[in-house]
Amino acid sequence: EMLLSSKLYHNEVVLKMHIEDMTLHTYKNRLEHALINIINNALDALKQKQIPKRYIFIEAYAKEGHLYIAIKDNAGGIPADLLPKVFEPYFTTKHKTQGTGLGLYMTQEIITKHLNGTVSVINVSYTHNGESYTGAQFLIDLKL
């Protein structure tokens, strides 16, 4: 959170976190790297689409021997035809000067190869404070 707080503040993004208290024995730096890649993408989408009220929600909870980390935004979601491609290397929706298309690919590599988990993405619609939102939700699943 410290690494991103000024970036979130300067872009007027409200970060809402609901994290269950638990201990996870894993590569902390690698997990942080993966999370930062996802959050940076959400931040870019919120800026690119000029969303006025900007939210990123992070929820972490344990269930049946797994740790789930869900990260969602309210940037309107990812076009359905692009959803299956977001983890491919060099796939980007950004201008060449802004992205290499390696962030989510690296995130998937870290989670699957180093943390023995999975990462997936879907579009979700939800309400927050009585308002309806749509956005991308990334779900990381790690065995505890």
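Student: In this predicted model, in which sense do β4 and β5 pair, and over how many bridges?

Tutor: The model is a prediction. One bridge to look at is Val119, whose partner in β5 is Ile140. The two strands, β4 and β5, pair in the antiparallel sense, over 11 bridges.

Student: In what order do the strands form the open sheet?

Tutor: The sheet has 5 strands, and its pairing is mixed. β1 (13-19) and β4 are the edge strands, since each pairs on one side only. Neighbouring strands are turned by 20° against each other on average, direction ignored. The order is β1-β2-β3-β5-β4.

Student: How do β1 and β2 run, parallel or antiparallel?

Tutor: Take His18 as a landmark: its bridge partner in β2 is Glu59. In total, 7 bridges join β1 to β2. The two strands run parallel.

Student: Which hand does the unit of β1, α2 and β2 have, left or right?

Tutor: Trace β1, then α2, then β2: they make a β-α-β unit. The helix α2 packs on the sheet, touching β1, β2 (54-63), β3 (66-73) and β5. Its direction makes about 150° with that of β2. The unit is left-handed.

Student: Which residue takes a positive phi in the hairpin of β2 and β3?

Tutor: β2 and β3 run antiparallel, joined by 8 bridges. Lys63 has His66 as its bridge partner in β3. The hairpin has 2 residues between the strands. The residue with a positive phi, near 50°, is Glu64.

Student: How far apart are the end C-alpha atoms of α3?

Tutor: Helix α3 covers residues 103-114, so it has 12 residues. At 1.5 Å a residue, the helix should span 16 Å. The model agrees with that: the end C-alpha atoms are apart by 16 Å.

Student: Which strands does α3 touch where it packs on the sheet?

Tutor: In α3, Leu104, Thr107, Glu109, Ile110 and Ile111 are buried. What covers the buried residues includes α2 (28-48), β4 (118-128) and β5 (131-143). The direction of α3 makes about 115° with that of β4. On the sheet, α3 touches β4 and β5.

Student: Which residue just after α3 takes a positive phi?

Tutor: Look just past the end of the helix α3. The phi there is about 50°. The residue is Asn116.

Student: Why is the pair of Phe57 and Tyr126 called edge-to-face?

Tutor: The ring centres of Phe57 and Tyr126 are 5.5 Å apart. Planes over 60 degrees apart count as edge-to-face. Here the planes stand at 85°, so the pair is edge-to-face.

Student: How many residues apart are Phe57 and Tyr126?

Tutor: Phe57 is buried, and Tyr126 is buried too. Phe57 sits in strand β2 and Tyr126 in strand β4, so the pair links distant parts of the chain. Their separation along the chain is 69 residues.

Student: Which residues form one aromatic cluster with Phe57 and Tyr126?

Tutor: The count of aromatic pairs comes to 6. Phe57 and Tyr126 belong to one cluster. The other members are Tyr55 and Tyr133.

Student: Is Ile58 buried or exposed?

Tutor: Ile58 lies in strand β2. Among the residues it touches are Leu15, Met17, Ile39, Ile69 and Ile71. The relative accessible area of Ile58 is 10%, and the cut-off is under 20%. Therefore Ile58 is buried.

Methods: Residues numbered from 1 in each chain as written. Predicted model: local features only at pLDDT ≥ 70, side-chain atom pairs only at ≥ 80, totals over all residues. Heavy atoms only, no water. Helix = DSSP H or I, 4+ residues; strand = E, 2+ residues; numbered from the N terminus. Expected span 1.5 Å × (residues − 1). Buried < 20%, exposed > 50% of the residue type's maximum accessible area, 1.4 Å probe, protein only. Contact = heavy atoms within 4.5 Å. Pairing = 2+ DSSP bridges. Axes fitted to C-alpha atoms, helices over the stretch in contact; angles between N-to-C directions. Right-handed = clockwise from strand over helix to strand, strands pointing away. Phe/Tyr/Trp six-rings, centres within 6.5 Å; stacked < 30°, edge-to-face > 60°. Lists of a residue's contacts leave out its neighbours within four places in sequence.
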